[in-house]
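Reader: Hello! I am new to this structure and would love a close look at a single part, the place where the ligand sits. Could you take me through it step by step?

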Amino acid sequence: PACTQEEVNKVMDAAKVAQKAWARTPLWKRAELLHKAAAILKEHKTPIAECLVKEIAKPAKDAVSEVVRSGDLVSYTAEEGVRILGEGKLLVSDSFPGNERNKYCLSSKVPLGVVLAIPPFNYPVNLAVSKIGPALIAGNSLVLKPPTQGAVAALHMVHCFHLAGFPKGLISCVTGKGSEIGDFLTMHPGVNCISFTGGDTGIAISKKAGMVPLQMELGGKDACIVLEDADLDLVAANIVKGGFSYSGQRCTAVKVVLIMEAVADTVVEKVNAKLAKLKVGPPEDDSDITPVVTESSANFIEGLVMDAKEKGATFCQEYRREGNLIWPLLLDHVRPDMRIAWEEPFGPVLPVIRINSVEEGIHHCNASNFGLQGCVFTRDINKAIMISDAMESGTVQINSAPARGPDHFPFQGLKDSGIGSQGITNSINMMTKVKSTVINLPSPSYTMG
Ligand code: NAP
């Protein structure tokens, strides 16, 4: 259903009331309920994964992994929350010039209130729980706006939290198209924090949102820089896995290969041999390449491919499309004047740009308005560190394709790729505020004095 504004208001009111009681619920009890929800989620992995297969054409095996990984994420969040939220800080005043030790400052973390979570279609369960878990353990209530495609899986996932016994109103799901209900939600006065993962929509939201903390995980154009001394079999395997898993519909997919000319032919040949073996077809058959999420996505991808064709890119495979199903395609000899050199296709099409120096590769990477992840392949760790330091990306993987995970690793984008940092600990911290209580003593007090 498309929720109305009145229904959203009701949800927000309920979330506000439920949060007050939840903030008084002992931390261990909040953790206990999260562990319970994690177990229920894992128990229901098969039907939820079936929704992911049908709604977003996620290959069957990957769909099950997404649900299991989400259960693990919730459990880990419960444990991490108990540790980090159970601790505060004591500061004494005489460390700052001009003060005696007559003030003790006790600081701890308090919840923000109502957190609005908006995940994208490609991980409707995992990228929802990565917001739900931290929000709830920290004492917030949560309103989820699931992606339209993936909403059924998300509803079932939220139901697992309800089955676990979370209080009424604490976690709600508001369905409806982002283009219709999005502004009303993100500008709602009842919202105290927004955690969003998606594309450029996030930039628009951050301009419209009020004075609330924002966690924005947006798009990327993850560069893969390959040096001459790299293990070329490892490179080829990672380009195929990184660029084509879930048909390239991953924020951290390899989205441009920047390869030294001397090894380019060999790597392109190895990648093409692997691409020829990928299974293309429906997600139920566990195909490697499945239809992309919408017809408009497929049309957008086709536009990038046709632009590259007109401008003279080398097609390593014939371009083939049936409906939303696009066969894997490697485009060699891509140049910076082609759109595919800069734009995120979010599909199984990967450009290769041949470079003559490392500096050229770093320059291309840093000229992008994105800065999510990147990777570098070399056997020389000293070079790898220098290149990693030079790349303006939130994370650089050395000798592996970019990846969001394990889920407790910090995960963040620079420039148009995001605001703030994710990862379990960072998300918990982001969804809290520091609160101080200062004890003023009538006279200075010194320990051991
Ligand atoms: P999207 O179009 O930006 O949508 C993301 C979410 O925002 C969906 O739930 C969508 O709902 C909602 N939405 C749309 N318009 C809205 C509005 N005006 N106000 C509030 N919410 C609104 O992105 P997508 O196509 O689902 O996902 C692909 C993009 O996500 C890619 O750019 C990818 O790189 C990025 N991504 C980033 C990360 C990361 O962690 N950095 C991870 C995964 C994906 P509807 O479905 O109803 O439109």
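**A walk to the ligand site**

Author: Let us start in a loop: Asp286 is found between helix H10 (261–275) and helix H11 (295–310). What you are looking at is a predicted model, and in it Asp286 has a phi near 60°, a positive value in a residue other than glycine. Another loop is worth a glance on the way, the one between strand E17 (395–398) and strand E18 (414–415), where Pro406 has its place. Gly405 and Pro406 are joined by a cis peptide bond, with omega at about 0°.

Now for the part you asked about. The ligand sits in the largest pocket, and 31 residues surround the ligand. If you would like some names to find on screen, the closest are Thr148, Gly178, Thr201, Leu218 and Glu344.

Where does this shell come from? Domain 1 (5–218 + 417–437) and domain 2 (223–398) each give at least three residues to the shell around the ligand. Among the elements that supply at least two shell residues each are helix H7 (178–186), strand E6 (193–197) and helix H8 (201–208). H7 provides the largest share, with four residues.

What kinds of residues make up the shell? Sorted by class, 14 are nonpolar, twelve are polar and five are charged.

Next, let us zoom in on some atoms. In the side chain of Lys145, an N or O atom is 2.9 Å from an oxygen atom of the ligand. With Phe121 the backbone takes part: one of its N or O atoms lies 3.1 Å from a ligand oxygen atom. Pro147 also uses its backbone, where an N or O atom lies 3.5 Å from an oxygen atom of the ligand. How much of the ligand is covered by the protein? Taken alone, the ligand exposes 910 Å², and the protein buries 85% of that.

To picture the site once more, you have a ligand in the largest pocket, with a shell that draws on both domain 1 and domain 2. Helix H7 is a good place to begin your own tour, as it gives the shell four residues.

Conventions
Residues are numbered from 1 along each chain as its sequence is written. This is a predicted model: local features need pLDDT of at least 70, side-chain atom pairs count only at pLDDT 80 or more; totals for chains, interfaces and linings use all residues. Side-chain values use heavy atoms; hydrogens and water are left out. A residue is near a molecule or strand if one of its heavy atoms lies within 4 Å of it. A polar contact is a pair of N or O atoms within 3.5 Å; within protein, one must be able to donate a hydrogen and the other to accept it, and residues adjacent in sequence count only if both atoms are side-chain atoms. Accessible areas come from the Shrake-Rupley method with a 1.4 Å probe; for residues, only the protein chains shown count as cover. On a 1 Å grid over the protein atoms alone, a cavity is a set of points where a 1.4 Å probe fits but cannot get out, and a pocket is an open set with protein on both sides within 12 Å along at least five of seven lines; lining residues have an atom within 4 Å of a point. A molecule sits in a cavity or pocket if more than half of its atoms lie within 2 Å of its grid points. Ala, Val, Leu, Ile, Met, Phe, Trp, Tyr, Cys and Pro count as nonpolar, Asp, Glu, Lys and Arg as charged, and the others, Gly among them, as polar. Domain bounds come from an automatic or database domain assignment.
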